[in-house]
Every structure is written in structure tokens, then in C-alpha cells.
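This report walks through cavities, pockets, sheets and a helix pair. Keep the sequence and the 3D view open beside the text.

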Amino acid sequence: MVLLRLSPMALSRSRFALSPLAETLGSMSVLTKPCADPWLGPWYTRHHDAFRAVLDADPFARGLVELIGSTKYLPGFITLPPPGGMRTTLDEELAPVAAASDATVRADLEAAVAHSWKRHDLRWLSGHGWGVRTAGLFRNAWEAHVRADWPRRRALLERDVSHRAGLLAAYGWPRALQRMNRRSAWVGADAIRFSHQPGPDRVVGADGMLFVPVCVTSGTWLCEEPPARYALVYPARGSAATATGPPRPDRALERLIGTGRAAVLHELERPATSTELARHFGQSLGTVGGHLAVLREAGLVAGTRVGRRVVYRRTEAGDALAGGAPADGRPAR
């Protein structure tokens, strides 16, 4: 069992971040396999053939992507923690990838081969400048397959962060980390279980952990930068619901509190800020703010301040009226 151990200082400085590189990596892995997620169907259909054509034309790209998709050890030079927090850009993340020496790239790829569940050889690793070539592959994949969809994905990722930040403010880190994946869990007073696989514990440095949501992945991976920087990449919640649109409120609830307020109450099954709700519904902040004010006065929603933002979530009364389970998994009383 692999544990990530955090001192009180590291825990207090742990935070969330976004990673365009991780989003691109997840997208590339999905495009190399049969599509197993119905909500990804339209995007997968639009991009699969073009991406396969790129791989068929470039043995280096094909070998690297197939290895990434079949190993328990992702190469370290492409899985560094994002440096810019919630404002991380692809350029920031690709700079160290391009700067990786051929010796570093080969060592990381050999380790990935050793942990792969398929047989691989590295005959495709020819020439030189492998870091630069890898950065080029990721940039091209971003431009062709991710960038146009990034505003929608970013909104989903920010929504996930708002949800977990609300849980953090109300209940602490153990609740905020729940359901990141099937394996991760808080253990004791100072550790996060990352994997059931055998391996040495990692000690997180004083700057704390980064937690990085990604839309297009069902897996979780650990980013590491010596001596003690770590980031845990995990699948964002609510991908399918966001892709297919919000559920339509039932007519009885609409007649009771109005169409707009009913839609906001249903959408707050996943906590959100007023800005995120306005963006989701395509309405003004004033309109959404008015709905939230009425719902708060009625005791159906509550707001928790997280830094400069206020994250809204349904109360137990709101859960009961909306007919859904509480967003944090507690049974309604």
C-alpha cells in the first residue's frame, strides 16, 4: 500500500490546481481505445480517426502513446506537478518536457515498459531530441483535440474544485478527498492512501500536495518532482451530467418555486458559485443571485465562503424538496 504522508504544515498548504497537460494526456489515452463512455461519444467520433492518422504516420508518437495507455508507471518527464495552480498554462507545463534530456526520457520510458501489462520494445525510440518531440506531440494533440473544448472542460473542473473546496471548508480534508477514486482515502491523521499496490511511502514537502481534476479519464495518477513535490490527478465528478445538460426540474417543483429557482436548486446537487451557475445557465449574475437569495431565505441552500468566493450547496431541506441525495453523500434526514 502506497501512502502519501503530510506534516501539519504540508496539509495546511495543500491546494487544487488545473493541468492542460494532464487533460491532454487523458484525452490521448482515451482516443487510442474503444470508447467506453457514452457521454464521450460525439467528441470521440469527431477526433478518433484524425488522431489515429497522426499515430500511424509517426512511429515515435504511436510507440509513446501506446506505452502511456498500457503501463502502471507514467513516464516522469510528462507527469510533473502543474506549476501555476488554477492558472497553469500548457506552455508552462511543456517547457520542462521539451527540456528533458534523452537520457532522462529513456530511463523514464524503460521504467514504464517494466510496469506495462503489454509487451513493448523501444525500437521506435530512434534519433534524438525526444523531449522536444514529446512536447510537440502534446501541443499538436492539444490544438487538434482539446483546445476548442477547453472552456467547457475548464468550467467542469472549476465546478469540481468548488465542490471539494466547500467540503473542505465545512468538514476538512478527509471529506474533501472522498470519492476521488476507488483507492484513495484518508488514513489515520497524516496520510493519504494512493494505491493498494506495494511500494514505499512518499513524504510530501512543506509546500503541500496539489489535487488536479481531469475530465477525460477514469484513472488516477501521481505526479512527482524531486525532492518532495507531489500532485494527485483524479477524474472530475459530474462529467456525464455536464456533457448531457442539467436534469429538467419536475413540473410540481417548478409550479411551487418557479422554473428558474427549481433549475438552480436541482443544479446545486453539485455545489457551485453564483458565477459558475450563471455561466452554466447562460444567465446574468443578477438573475442567478436573485434566485439564490430567495432559496437562501427559504432555507433551501446555504453559502460557505472559500477565500474570495462563496460556494452554494443545498441544505437538507433543499435535498428533500429536490428529491435527490445530498451532494456529499450523507443520507437526508
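**The largest cavity**

Helix α2 supplies three residues to the lining of the largest cavity, the largest share. Helices here are DSSP runs of H or I with at least four residues, strands are runs of E with at least two, and both are numbered from the N terminus. The model is predicted: local features need pLDDT of at least 70, side-chain atom pairs count only at pLDDT 80 or more, and totals for chains, interfaces and linings use all residues. Residues are numbered from 1 along each chain as its sequence is written, and side-chain values use heavy atoms, with hydrogens and water left out.

A cavity is a set of points on a 1 Å grid over the protein atoms alone where a 1.4 Å probe fits but cannot get out; a pocket is an open set with protein on both sides within 12 Å along at least five of seven lines; lining residues have an atom within 4 Å of a point. Grid points are joined across faces, edges and corners, and a volume is the space filled by probe spheres set on the points.

By this rule there are two cavities of 30 Å³ or more. The largest has a volume of about 70 Å³. Its lining holds 13 residues, and those closest to the centre are Ser 19, Ala 22, Ile 78, Trp 221 and Cys 223. Both α2 and β7 supply at least two lining residues. By class, the lining of the largest cavity has 10 nonpolar, two polar and one charged residue. Nonpolar means Ala, Val, Leu, Ile, Met, Phe, Trp, Tyr, Cys or Pro; charged means Asp, Glu, Lys or Arg; the others, Gly among them, are polar.

**The second largest pocket**

The second largest pocket encloses about 380 Å³ of space. Of its 18 lining residues, Met 86, Glu 158, Val 161, Val 306 and Arg 309 are the closest to its centre. Elements giving two or more residues are β2 (15–16), α8 (150–171) and α13 (274–281). Helix α8 gives the most, with five residues. The lining of this pocket divides into seven nonpolar, four polar and seven charged residues.

**Helix α2 against α3**

How do α2 and α3 pack, and at what angle? Helix α2 (residues 20–31) meets helix α3 (residues 41–57) at about 85 degrees, with the axes 9 Å apart. Axes are lines fitted to C-alpha atoms, for helices over the stretch in contact, and angles run from 0 to 180 degrees between N-to-C directions. The pair is therefore roughly perpendicular, a label for 65 to 115 degrees; under 35 counts as roughly parallel, over 145 as roughly antiparallel, and the rest as oblique. From α2, the contact uses Ser 27, Met 28, Val 30 and Leu 31; from α3, it uses Trp 43, Tyr 44, His 47, His 48, Phe 51 and Arg 52. Contact means heavy atoms within 4.5 Å. Six of these residues are nonpolar, three polar and one charged.

**The sheets**

Two strands pair if DSSP finds at least two bridges between them. One open sheet has four strands in the order β2-β6-β8-β7, with mixed pairing. Strands β2 and β7 (221–225) are at the edges with a single partner each, so one side of each has no neighbour in the sheet. Helix α2 packs on this sheet, touching β6, β7 and β8, and its direction makes about 140 degrees with that of β7. Helix α8 also packs on the sheet, touching β2, β6 and β8, at about 135 degrees to the direction of β6. Val 214 has Pro 235 in β8 as its bridge partner.

Another open sheet of four strands runs β3-β4-β1-β5, also with mixed pairing. Its edge strands are β3 (185–187) and β5 (202–203), each paired on one side only. Leu 4 has Ile 192 as its bridge partner in β4 and stands opposite Arg 202 in β5.

| Strand pair | Sense | Bridges |
|---|---|---|
| β6 (210–214) and β8 (229–235) | parallel | five |
| β1 (2–5) and β5 | parallel | two |
| β1 and β4 (191–195) | antiparallel | four |
| β9 (301–306) and β10 (309–314) | antiparallel | six |

Strands β9 and β10 form a hairpin with two residues between them. Gly 307 in that turn has a positive phi of about 65 degrees. Val 301 stands opposite Arg 314 in β10.
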